[in-house]
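Dear colleague,

Please find below the structure that I am handing over to you. My findings follow it.

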Amino acid sequence: MTIATDRRSATGLLTPLLAGALVMVALGVYGRVHTPTGFAVGPGGFSGALPMKSWLTTGAFVLAFVQVVSALSMWGKIGVSIPAWVHRFRCVDRAG
C-alpha cells in the first residue's frame with residue numbers, strides 16, 4: 001500500500017466518525033440548553049411502540065423471504081419460474 005491509499009482509507013473511516021461525533025455533541029448541547037416538555041413523540045400511524053415493531057419486523061421477514069425465493073429461482077435451485085423482468089441481473093454462463 002502506498003501512503004496515498006492509506007490516507008484515502010483513513011479519510012473514508014474518519015469522515016463518518018467525525019460526522020457522528022458532531023451530531024452527538026450537537027444533540028448533547030441541545031439537551032442541556034432546552035428544558036424538557038414531558039411530551040413523548042409517538043410512533044406515527046401505529047397505536048403504540050410494540051405494534052409498530054411487530055409490523056415492521058413482519059415486513060422485514062416478508063421482504064427477506066421474497067429475496068431468498070427470488071435468488072433461488074434466479075440460480076435455478078427451485079422449480080418456480082419467475083419472469084425475467086423481476087431480476088435486475090441474470091446469471092450468464094460465460095464458459096459456454
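**After the second helix**

Gly 76 follows H2 and has a positive phi, near 75 degrees. Please bear in mind that this is a predicted model.

H2 itself covers residues 49–74. Its 26 residues, at 1.5 Å a residue, should span 38 Å, and the C-alpha atoms at its ends lie 37 Å apart, so expectation and model agree.

As to the chain as a whole, the protein contains 2 helices and 0 strands. Of its 96 residues, 4% count as buried. The accessible surface comes to about 8800 Å², with 70% supplied by carbon and sulfur atoms.

The other helix, H1, spans residues 3–33 and includes Met 24. Met 24 counts as exposed because its relative accessibility is 58%, above the 50% cut-off. On the surface, Met 24 joins Val 25, Val 29 and Val 33 in a nonpolar patch, and together these residues offer about 400 Å² of accessible area. On spacing along a helix, it may help to recall that an α-helix has 3.6 residues a turn, so residues three or four places apart point the same way.

Between H1 and H2 runs a loop, and Phe 46 is located there. Phe 46 has a relative accessible area of 32% and is therefore partly exposed, as this value falls between the limits of 20% and 50%. Leaving aside residues up to four places away in sequence, Phe 46 is in contact with Pro 51, Met 52 and Trp 55.

With kind regards

Terms used. Residues numbered from 1 in each chain as written. Predicted model: local features only at pLDDT ≥ 70, side-chain atom pairs only at ≥ 80, totals over all residues. Heavy atoms only, no water. Patch = residues over 30% accessible without salt bridge, like charges linked within 9 Å, V, L, I, M, F, W, Y side chains within 5 Å. Areas by Shrake-Rupley, 256 points an atom, 1.4 Å probe, with all protein chains shown as cover. Salt bridge = Lys/Arg side-chain N within 4 Å of Asp/Glu carboxyl O. Helix = DSSP H or I, 4+ residues; strand = E, 2+ residues; numbered from the N terminus. Buried < 20%, exposed > 50% of the residue type's maximum accessible area, 1.4 Å probe, protein only. Expected span 1.5 Å × (residues − 1). Contact = heavy atoms within 4.5 Å.
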